[in-house]
Amino acid sequence: MPQQQIRFYQTGSFVVGNRLLDPDQRTVQADMRRTNSLNSGHRACQGCGEALGARSALDAVMRATGNQMVAVNATGCLEVFSTPYPETSWQIPWLHSLFGNAPAVATGVAAALKVKGRTDVRVVGQGGDGGTVDIGLACLSGMFERNDDVLFICYDNGGYMNTGVQRSGATPPAAATTTTPAVGPEPGNTFGQGKSLPLIAMAHRIPYVATATVADLRDLEYKARRAMEFHGARYLHVLVPCPLGWRTPSSDTIRIARLATETGVFPVFEAEDGEVTAVSRIRHRRPVADYLRPQGRYAHLFGETPGEDVVARIQAEADRNVRTFGLVDTEVVR
Amino acid sequence: MSKATKQGTLPFAITLDVGSSLANKTGSWRTERPVYVDRLPPCNNACPAGENIQQWLYKAEEGGYERAWRQIMEDNPFPAVMGRVCYRPCETACNRAILDEAVGINSVERFVGDEAIKRCWTVSVDAAPSGKRVLVVGAGPSGLSAAYHLTRLGHQVTVRDSASEPGGMMRYGIPSYRLPRDVVDAEIQRIVDMGVQLELGTVVTDISGAMTDEGYDAVFLAVGAHIGRRADIPAADSARILDAVSLLAGMENGEAPLLGRRVAVYGGGNTAMDVARTAKRLGATDAVVVYRRTRDRMPAHDIEVREAVEEGVRLRWLSTIAYADAGHITIEKMRLDETGFPQPTGEFEDLDADSVVLALGQLADLALVQGLAGVEVADDVVQVGSDLMTGHPGVFAGGDMVPSERTATVAIGHGKRAARNIDAWLRGTRYQRPERHELATYERLNTWYYSDAPATVRPRLETARRISTFDEVTGGLDESTALFEARRCLSCGNCFDCDNCFGVCPDNAVIKLGADNRYEIDLDYCKGCGLCAAECPSGAIEMRAERT
């Protein structure tokens with residue numbers, strides 16, 4: 001377990017806060033004095049997972065660094081909805097550059113701080129899956145292999161949502177986007193394409209790699225805090241459902257993220273120096289269909305011609321995650 | 001920084017002044033708004049004494065046992081008694097039962113009640129004296145509950161009872177192995193100490209006289225039902241036939257009855273179980289309950305039947321006693337007809353029994369209302385309105401002597417209800433029951449958030465030890481298990497400060513007020529996504545359409 005699970009406290013550690021816990025066991029998001037790195041008035045869609053994920057992660061880093069943090073942002077939803085001229089939602093030192101070079105800019109900021117002797121100030125780079133997995137990968141891989149002192153956070157919503165829901169290298173198989181429409185013999189995104197950036201990051205043997213979702217903010221905070229305990233290149237990959245691109249009701253964002261983990265579709269784990277050190281076990285395992293059915297981007301799998309074989313392939317992928325990462329407790333705990 | 005800031009005073013590398021997105025009031029996007037609500041938890045809804053269970057568990061959850069106790073005392077002055085003898089309709093209704101097992105509300109109540117006795121917590125009377133005097137007839141759960149509440153409302157109360165000790169059925173009807181007498185004494189003493197005048201060994205016969213001559217402004221009748229219902233069983237002169245109510249009362253007065261080794265108890269209610277279990281404790285080798293219908297139709301509560309069976313009490317279904325003789329009885333077998341009514345079959349059987357105890361229900365002694373103008377008696381009980389007032393102005397009645405399910409909890413609830421109505425009547429108004437909230441159903445909960453935790457089972461004395469003594473059967477919880485049990489509460493329909501809404505809002509549009517003051521929605525920025533409502537574990541947020 002990556003964090004202490006608190007048993008029998010009504011909601012244990014599953015909810016964001018919990019008045020029954022000691023103050024030092026409560027989350028940053030439960031604190032009235034949290035930074036609110038991403039403030040109200042931003043123009044993200046209703047129920048935006050990325051806005052929630054970014055605030056939680058950066059607030060946790062702010063707490064961990066004693067508010068000594070600079071953030072560098074790639075182009076993408078997160079940048080567009082937070083900073084339309086002349087407004088900004090950021091309540092932190094924040095730099096924006098281009099779509100593909102955020103990791104390189106973050107490296108530069110880290111180098112500058114080093115030159116200035118400001119070892120107290122830490123650097124975070126962030127972007128969506130388009131800017132991270134596709135366009136910025138060269139810069140990011142460079143940042144990793146040089147082990148630059150940057151935490152890079154990718155908010156993965158599985159596509160280029162800001163520009164109109166195009167496919168990215170993080171779009172899952174069978175999902176419909178505007179560039180992988182649900183037509184033809186194999187509707188939606190093609191199987192066998194795309195990549196897992198957490199595993200690529202691990203292959204760089206950087207000090208710390210972790211995944212998280214907005215369904216467990218306590219875990220997300222823990223990982224942001226833990227990342228700041230290391231120096232060198234670190235990578236945090238956060239699953240953030242997108243009501244627009246996934247075609248889900250805005251109130252379902254967290255439920256869908258929870259289903260992604262409970263079905264094994266999205267493994268939640270952490271790794272040090274390229275080795276998995278901890279995984280979040282599935283609490284109540286569910287079939288992948290429970291995760292797919294509520295999402296409009298998979299509607300073609302449950303329509304007039306159901307794609308049972310496709311669902312079976314996705315289930316097989318989830319089963320593989322469960323096996324590979326050991327997501328289910330083998331011993332029976334009751 | 002303002003627009004007027006001159007170039008050169010801006011921070012390095014910034015060419016444009018920075019404006020905050022707070023200028024963009026995203027609340028205008030909203031079509032639905034989240035609203036915090038308090039729904040009625042099923043436990044509260046089911047409690048005959050009207051306790052706010054969810055609230056006192058909330059206080060107990062953080063270890064605030066005294067605050068929890070004070071919350072119970074708002075409605076029920078007998079937590080330690082109730083924690084032992086209540087039939088727990090709350091636990092039957094508990095939503096947690098659908099998830100794993102119902103919260104052990106009753107055991108927590110008992111723990112809190114026992115803490116109060118141990119630590120001598122008391123209740124103060126804060127209301128100004130009203131100058132009104134109320135006579136309560138009957139010092140049972142209903143009468144004492146009414147006396148307690150009336151005293152807290154500022155009235156001067158006298159309680160009269162014909163018995164030598166107060167408590168009514170709590171003392172003379174419930175065996176001591178279920179309810180130790182020191183517990184009854186302690187909780188009654190606390191009420192007496194608040195200034196209630198207790199006059200024991202006093203039979204009240206003239207109600208209107210008490211009002212006119214003694215100057216009582218109102219009367220509450222709660223004499224209970226303690227006359228055993230008789231049945232005409234053909235019996236030989238030498239047959240030994242007793243009635244259950246007198247037997248149980250005799251136990252309290254130190255008169256252990258001679259039952260013999262083989263005891264037949266006739267009836268299927270809780271009293272029948274109490275008598276059979278008492279007989280076992282008095283040394284009977286064989287205690288058999290004879291009941292004319294089947295177990296599922298038995299009025300006795302499941303737990304009583306279960307504990308009786310565990311102690312070796314035998315049960316004879318579909319049987320009536322046709323004849324009783326010295327040393328044995330004749331039983332006729334019955335069968336249920338289509339309407340579920342037992343019909344004789346003509347098949348008989350002999351059963352050894354040294355004595356027969358009749359536990360066929362109880363009647364109220366209504367002599368005291370005879371001749372009282374306006375009081376209507378029907379089906380052997382006094383008729384009352386929803387305000388518990390009889391047809392005689394100023395005379396109220398409650399407990400077992402009015403139409404009701406006859407349990408101590410219901411009686412306590414009557415006492416509270418009567419006190420509120422008497423208070424209103426004395427002040428020349430009518431008591432308005434507050435409007436009930438919508439029920440907090442299981443479907444409204446987001447149960448994913450609750451820890452998985454089974455119920456704490458109360459340690460019970462070894463059966464063998466139990467049947468030879470009158471020691472208390474069900475043990476209490478200690479502090480750690482009581483706390484654990486309280487924390488299993490789902491807080492159905494009521495905010496319990498989990499911070500989920502505050503944490504999951506992507507727009508920082510939930511304002512945490514802090515210090516138990518819950519939260520508020522910032523409608524300037526709330527986009528109405530509904531995440532807070534969807535992720536509220538207890539279903540205490542509702543989305544309501546905005547007016548267009």
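**Domains of chain B.** I looked up the C-alpha centres of domain 1 and domain 3 of chain B: they lie 59 Å apart. The model is predicted, so I note these values as computed from it. I then checked the bounds. The assignment for chain B gives domain 1 as 25-39 + 495-545. Domain 2 covers 63-226 + 364-437, and domain 3 covers 230-358.

**Helix 3 against helix 7.** Next I went to helix 3 (residues 65-73) and helix 7 (residues 105-118) of chain B. Their axes are 9 Å apart, and they pack at an angle of about 100°. That angle falls within 65 to 115 degrees, so helix 3 of chain B is roughly perpendicular to helix 7 of chain B. From helix 3 of chain B, I list B:Tyr65, B:Ala68, B:Trp69 and B:Ile72 in the contact. Helix 7 of chain B answers with B:Glu109, B:Val112, B:Glu115 and B:Ala116. By class I have 6 nonpolar residues, 2 charged and no polar in this contact.

**Chain B against chain A.** I turned to the contact between the chains. Chain A gives 41 residues and chain B gives 44. On the chain B side, three elements give two or more residues: strand 1 (19-20), helix 18 (500-504) and helix 19 (531-534). Helix 18 of chain B has the largest share, with 4 residues. I split the side of chain B that touches chain A by class: 22 nonpolar, 12 polar and 10 charged.

**Strands across the chains.** Last, I followed strand 1 of chain B. It runs parallel to strand 2 (residues 87-88) of chain A, and 2 bridges join them. For A:Glu87, I find B:Gly19 as the bridge partner in strand 1 of chain B.

Definitions and conventions
Residues are numbered from 1 along each chain as its sequence is written. Chains are lettered from A and ligands numbered from 1 in the order in which they are written. This is a predicted model: local features need pLDDT of at least 70, side-chain atom pairs count only at pLDDT 80 or more; totals for chains, interfaces and linings use all residues. Two residues are in contact if their C-beta atoms, placed from the backbone, lie within 7 Å. Ala, Val, Leu, Ile, Met, Phe, Trp, Tyr, Cys and Pro count as nonpolar, Asp, Glu, Lys and Arg as charged, and the others, Gly among them, as polar. Two strands pair if DSSP finds at least two bridges between them. Domain bounds come from an automatic or database domain assignment. Axes are lines fitted to C-alpha atoms, for helices over the stretch in contact, and angles run from 0 to 180 degrees between N-to-C directions. Angles under 35 degrees count as roughly parallel, over 145 as roughly antiparallel, 65 to 115 as roughly perpendicular and the rest as oblique.
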